[in-house]
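Trainee: I am new to this structure. Please take one strand and go through it closely, and then through what lies around it.

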Amino acid sequence: MSRHHSRVIALFATLFLALGLSACAAPDSGAPSDVTQVGGAKSKFDGLEFQTPHERPHFTLTDQTGQPYDFYAKTEGIPTILYFGYTLCPDVCPLILGSLADALNQVKDKYPEIQVVFVTTDPANDTSPVLAAYLAHFDSQLPVKFVGLTGDLPSVEAAQKAAGVEVAEDNGKTHSTLATFYGSSDVAHVAWLADTTSDDIVHDIPLAAK
């Protein structure tokens, strides 16, 4: 079986899970409509390539220390991975955060500045202290710690719209599964799903970090 075919099968498996039983995925996986390619023969990425690059979004929420966090101002010019999820998520969120942490640990000597920003879709539960405790499980080996953001529900929903992902439903339990990677040029060319391996992410980072 070719590598490209393996990636296609993996994508369909993920979409099946998203469409089916998972409580931690949007009905359509949360993928923007312009994600059309799968890593392999048609793309240089192992993740999902945006047909049209996505610009780094503007929104302000509250970080895990309780301070205002202007996403664009704080991350402008810095390679940044943006993900929307919630701390009680039983499957997709810890899976993708674990893969991201493993990948960043592998490339931390060459790309020590990469920032991960996790925005809760369940702000009623995920307060700043809850986010701080949760993210500490993933970033202990990294030079740049993950940032967790929360806020009132309208602000959280506005952030999702600004990032071009589906707005979460079911009190935040059904949400986009895309981890979007913005390069230092402040545009994103690639995103990763929960089935993306850390090796896939390590492969894509040099291709999209600028």
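Mentor: Begin with the chain as a whole. Residues 24 or more positions apart account for 72% of the contacts in the protein chain with a separation of 6 or more. The model is a predicted one. Its protein chain has 6 helices and 9 strands, and buried residues make up 51% of the 210 residues. The chain exposes about 9,300 Å², of which carbon and sulfur atoms supply 57%.

The strand to look at is β5, residues 80–85. Of its 6 residues, 6 are buried, so β5 is largely enclosed by the rest of the structure. In a regular strand the side chains alternate between the two faces of the sheet. In β5, T80, L82 and F84 point one way, while I81, Y83 and G85 point the other way, and all are buried.

Now the strands that pair with β5. Strand β6, residues 115–120, runs parallel to β5 and is joined to it by 6 bridges. Within this pairing, L82 stands opposite V117 of β6. Strand β8, residues 179–182, pairs with β5 in the antiparallel sense, over 4 bridges. Here Y83 of β5 stands opposite A179 of β8.

The connection from β5 to β6 involves a helix: β5, helix α3 (residues 92–107) and β6 make a right-handed β-α-β unit. Another right-handed β-α-β unit is made by β6, α4 and β7. β6 and β7 pair in the parallel sense over 3 bridges, and F118 stands opposite G148 in β7. In β7 itself, V147 and L149 point one way and G148 and T150 the other way, and all are buried. β7 also pairs with β3, in the antiparallel sense and over 2 bridges; the bridge partner of D63 in β7 is L149.

Next, the packing. The largest nonpolar core has 33 residues, and I81 of β5 is one of those with the most contacts inside it, along with L97, L104, F146, F181, W192 and I205. The elements that give two or more residues to this core are β5, α3, β6, α4, β8, β9 and α6. Helix α3 gives the most, with 9 residues. Apart from this core lies another, of 21 residues, among them L61, F71, V117 and V147.

F146 shows what such a core residue meets. Leaving out residues up to four places away in sequence, F146 touches Q64, L97, A101, L104, Q115, V116, L135, F138 and D139.

Two of the helices that give residues to the largest core can be followed further. In α4, the buried residues are S128, L131, Y134 and L135. These cover an arc of only 130° around the axis, which puts them on the same side of α4. What covers them includes β3, α3, β6 and β7. In α6, the buried residues are S198, D200, I201, D204, I205 and A208. Their arc is only 135° around the axis, which puts them on the same side of α6.

To return to the strand: β5 pairs with β6 over 6 bridges and with β8 over 4, and it is largely enclosed because 6 of its 6 residues are buried.

Definitions and conventions
Residues numbered from 1 in each chain as written. Predicted model: local features only at pLDDT ≥ 70, side-chain atom pairs only at ≥ 80, totals over all residues. Heavy atoms only, no water. Buried < 20%, exposed > 50% of the residue type's maximum accessible area, 1.4 Å probe, protein only. Pairing = 2+ DSSP bridges. Right-handed = clockwise from strand over helix to strand, strands pointing away. Contact = heavy atoms within 4.5 Å. Areas by Shrake-Rupley, 256 points an atom, 1.4 Å probe, with all protein chains shown as cover. Core = buried A, V, L, I, M, F, W, Y, C linked by side-chain atoms within 4.5 Å. Arc of directions from axis to C-beta.
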